[in-house]
Amino acid sequence: YCQSEINNLINKYENEDIYPYISQNSLELYFSEGKGMKISNMLKEMSVPLKEDIHIEIRLLGLEDSTITGRDFEQYFNTFKPNENTYVVHVGDDDDDYSSNFIVNEQLIKKHELQITKSYHYRVVHYYKPQLVTKLANRIVEVVNPQDIVDDEEFAYIDFKQIDEIIEEDYHTSKDLNNYIFYIWDIDLADYGVFDNYVYINQNNVFDCGVPMHAGSERYVWLDLRSGPVEYGPRISGEGYVADYFIPFIHNYHGDVIDDDFDTVDEIGKRNLIVDLVSFVRRTSKHLINPPLYHLPKTLRTCSHHPESLKSRDDIYIELNMIHDHPTGEKEKYEYFDWELIEQTIRDNIFLFKNQKLYFSNRDHSIITDETIASIYTNSLKSYTPSPRSHKTDVVYTTELYLDSFDLYENIKNSDIFSSPHNGTKIPIYLFDMSYNDVLLLDKEHQVVSFPDMVIGVQTITPFVLSDLICNEEYFYVNGRDATRGILGGILQAGWGISPSYYTWSKAHNKKIDDYLWSVGKTPFSVLSDSTDLSFMFKDLTAKHELYSIVNTTVTDLLESLEDIQKYKMEYYDILDGYDYYEFVYRYNLVKYKLKQGMKMISLHDYNNALTTIRSSLFDVDRILQLNTVGIANIQSYLHCETDSDPLIESLIHLGAPLSSFTIIFLILIYVIYIKCFTSSSSTRPNNRYVNKKGW
């Protein structure tokens with residue numbers, strides 16, 4: 001009844017304080033817990049992590065006749081029970097599993113740690129759907145031409161869309177679309193003349209790394225155990241290389257594990273397959289469902305000191321400032337950059353709350369005609385000399401130019417040349433389009449650099465810049481003339497705090513590390529694919545990160561209000577009278593309740609109701625801050641009264657100077673008797689309500 005009443009009030013009085021509408025009976029019955037609680041206990045209570053549940057269903061296809069069971073998987077899932085973490089975004093363990101989360105950009109974090117426990121609940125099922133297996137087998141055979149495979153070293157390439165449309169159709173038949181679903185299948189196609197050396201790519205892409213798995217636009221992932229093996233990642237140095245044994249491939253497991261006649265080798269293969277599948281599922285969960293935060297976004301209004309401002313719209317303005325090295329209005333030398341594609345991709349793939357609107361704008365500037373912009377450009381231009389190159393008998397030294405992103409950031413921040421007329425959250429983009437000047441990259445290696453409050457990119461005259469990544473022994477390049485994908489990723493990073501897809505968190509090293517497992521497919525953060533499509537993770541993360549930001553504001557302001565009173569060495573029941581103290585208790589419990597309910601709604605992907613519920617707690621925090629002001633005034637008044645001197649005492653002190661100690665004691669006793677006899681029943685004595693230890 002309580003939950004229904006509060007939720008109805010929150011929905012009815014959206015962006016208003018619902019406290020006046022809650023019945024006194026409900027307040028006393030459901031929100032009066034903790035009367036007389038000390039502030040130290042409240043601080044401990046607010047340090048208990050909020051909980052977000054994540055449910056993942058793993059559907060096994062083509063493994064129905066094996067002895068692999070769901071219990072085998074659960075056994076290995078349950079072996080991962082790490083100790084508590086203490087990262088900036090805290091993630092602890094729970095009954096099923098856990099995954100770490102953190103904030104990369106630690107300079108942006110307030111003093112407390114936002115604590116959220118993300119508990120993974122895995123459910124493994126043998127998905128017995130012969131018609132689905134038949135559909136997949138027929139489609140693979142239909143699109144794979146064995147003539148394309150010259151030898152065992154080469155792959156046949158399948159457009160992932162051919163398979164993805166079948167999986168997406170089945171996904172929509174699921175009863176609960178709040179779960180994340182992993183499809184894993186092993187379909188033997190030898191009878192059809194297809195012998196497993198095939199991979200999936202996006203055939204619309206110029207560059208694409210062929211892999212055996214795919215993340216869909218909806219909340220599903222699929223893996224073909226017969227596809228591969230593949231390997232990709234940094235080609236010379238660096239971490240995160242995905243070796244051919246990192247992604248399960250059926251022929252790596254000592255025989256056919258589907259055969260019912262197991263011997264010792266096959267039992268080892270079965271166990272190794274399960275271990276590798278569990279590892280793959282956990283790593284995928286870490287990359288796609290719970291990746292690290294880059295920073296807490298500020299696209300929603302979260303100020304609890306002025307909650308009335310929440311009634312304003314949360315408009316987002318994405319503003320492109322295109323800076324040319326030729327006069328504005330002149331025809332572009334290279335017309336690869338696609339601003340309209342970026343706009344459409346963001347509109348189609350991010351989550352917008354019901355009170356949000358998204359606007360795009362673009363302006364052209366020139367370093368030729370604008371002296372201020374020219375100054376910003378030249379003051380950020382740097383040069384370096386790479387390793388010498390041999391040319392015939394000579395050693396050739398060259399000097400190359402690059403733009404320093406941090407200098408650009410500071411120079412742009414200190415200039416008002418790019419001032420915006422819009423009110424709301426602004427995500428400015430500064431793209432230096434160098435069609436004639438030979439400037440390579442930002443900081444010698446990046447095409448785009450994202451900051452929490454802006455995105456900076458560069459386009460050069462160099463058509464292809466060799467990257468440090470390879471896939472299946474093929475080199476990949478960055479198109480220096482087209483920063484479309486880089487700008488798209490930078491907007492997601494700056495506006496919604498989404499980290500690049502190769503960022504993960506290492507508890508052992510207590511820092512971020514690179515892992516390129518899911519830097520393929522629908523992501524703008526890697527050159528291993530030039531796709532501008534986005535997977536399901538981006539829609540979920542744009543919503544979750546904004547909600548985490550409001551939770552962070554709520555918890556921060558509440559903790560600060562509690563600490564403000566604690567420093568006086570007093571409790572709330574010492575400084576507030578009965579009515580105010582009751583209201584504080586009710587408001588404090590309402591904050592806890594709303595945060596808990598909000599996290600439940602996040603778990604169910606009910607983001608709009610989660611926003612309304614969590615935002616409602618800001619009104620309670622604001623009122624607690626006002627009660628703090630009343631309480632501190634009462635403390636100061638009390639301390640002032642305590643320090644006021646009694647005139648009779650002062651007379652005794654002046655008189656006692658020439659008297660003996662015995663006389664002084666005798667006079668003090670007379671004074672005490674006088675107070676007891678003549679003032680104890682006086683109706684004019686001031687009533688100090690602030691020394692009442694319980695207040696009520």
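# Exercises on a predicted model

Five bridges join strand 20 (residues 464-471) to strand 21, and the two strands run antiparallel. The model is a predicted one, and the exercises below start from this strand pair.

## Exercise 1. A sheet of three strands

Task: Place strand 20 and strand 21 in their sheet, and state which strands form the edges.

Solution.

Step 1. Find one matched pair of residues. Phe464 has Asn479 of strand 21 as its bridge partner.

Step 2. Write down the strand order. The sheet is open, has three strands and follows the order 9-20-21, with antiparallel pairing.

Step 3. Identify the edges. Strand 9 and strand 21 (474-479) are the edge strands, since each pairs on one side only.

Step 4. Add the twist. On average, neighbouring strands of this sheet are turned by 50° against each other, direction ignored.

A general remark belongs here: strands of a sheet pair through backbone hydrogen bonds, in either a parallel or an antiparallel way.

## Exercise 2. A sheet of five strands

Task: Describe the open sheet of five strands, and name the strands that helix 8 touches.

Solution.

Step 1. Write down the order. The strands follow 11-10-16-19-18, and the pairing is mixed.

Step 2. Identify the edges. Strand 11 (356-366) and strand 18 each pair on one side only, which makes them the edge strands.

Step 3. Add the twist. From one strand to the next, the twist averages 15°.

Step 4. Look at one pair of strands. Strand 10 (residues 314-324) pairs with strand 11 in the parallel sense over 11 bridges. Within this part of the sheet, Tyr317 stands opposite Tyr359 in strand 11.

Step 5. Add the helix. Helix 8 (residues 339-349) packs on the sheet and touches strand 10, strand 11 and strand 16. The direction of helix 8 makes about 165° with that of strand 11.

## Exercise 3. The buried face of helix 10

Task: Which residues of helix 10 (residues 405-413) are buried, and why can they be said to line one face of the helix?

Solution.

Step 1. List the buried residues. They are Ser405, Leu408, Tyr409 and Ile412.

Step 2. Look down the axis. The buried residues of helix 10 fall within an arc of 100°, so they line one face of the helix.

Step 3. Find what covers them. The cover includes helix 9 (371-379), strand 15 (400-403) and strand 17 (439-442). Strand 16 (425-433), strand 18 (448-451) and strand 19 (454-459) are also among the covering elements.

Step 4. Relate the helix to the strands. Helix 10 lies across strand 16, strand 18 and strand 19, and it runs at about 125° to strand 19.

Step 5. Check the start of the helix. There, a side-chain oxygen of Asp404 reaches to within 3.0 Å of the backbone nitrogen of Phe406.

## Exercise 4. Salt bridges between distant parts of the chain

Task: For three salt bridges, given by Arg226 and Asp188, Arg219 and Asp540, and Glu583 and Arg623, locate the partners and decide whether each is buried or partly exposed.

Solution.

Step 1. Note the total. The count comes to 25 salt bridges.

Step 2. Take Arg226 and Asp188. Their side chains meet at 4.0 Å, N to O. Arg226 is in the loop between strand 8 (220-224) and strand 9 (232-234), while Asp188 is in the loop between strand 5 (180-185) and strand 6 (198-201), 38 residues apart. Buried means under 20% relative accessible area. Arg226 therefore counts as buried at 5%, whereas Asp188, at 45%, counts as partly exposed.

Step 3. Take Arg219 and Asp540. The N to O distance is 2.9 Å. Arg219 is in the loop between strand 7 (213-215) and strand 8, and Asp540 is in helix 12 (residues 536-566), 321 residues apart. Arg219 is buried at 18%, and Asp540 is buried at 4%.

Step 4. Take Glu583 and Arg623. The closest N and O atoms are 2.9 Å apart. Glu583 is in helix 14 (residues 578-603) and Arg623 is in helix 15 (residues 607-643), 40 residues apart. Glu583 is buried at 5%, but Arg623 is partly exposed at 21%.

Step 5. Extend the last pair. Salt bridges that share partners join Asp17, Glu583, Arg587, Lys594, Asp620 and Arg623 into one network.

## Exercise 5. The surroundings of His545

Task: Where is His545, and which residues is it in contact with, leaving aside neighbours within four places in sequence?

Solution.

Step 1. His545 is in helix 12.

Step 2. The relative accessible area of His545 is 1%, so His545 is buried.

Step 3. The contacts of His545 beyond four places in sequence are Leu293, Pro297, Trp496, Gly497 and Ile498.

Step 4. The C-alpha atoms of His545 and Leu296 are separated by 6.5 Å, with these positions 249 residues apart along the chain.

Definitions and conventions. Residues numbered from 1 in each chain as written. Predicted model: local features only at pLDDT ≥ 70, side-chain atom pairs only at ≥ 80, totals over all residues. Heavy atoms only, no water. Helix = DSSP H or I, 4+ residues; strand = E, 2+ residues; numbered from the N terminus. Buried < 20%, exposed > 50% of the residue type's maximum accessible area, 1.4 Å probe, protein only. Pairing = 2+ DSSP bridges. Axes fitted to C-alpha atoms, helices over the stretch in contact; angles between N-to-C directions. Arc of directions from axis to C-beta. Contact = heavy atoms within 4.5 Å. Polar contact = N/O pair within 3.5 Å; in protein donor to acceptor, adjacent residues only side chain to side chain.
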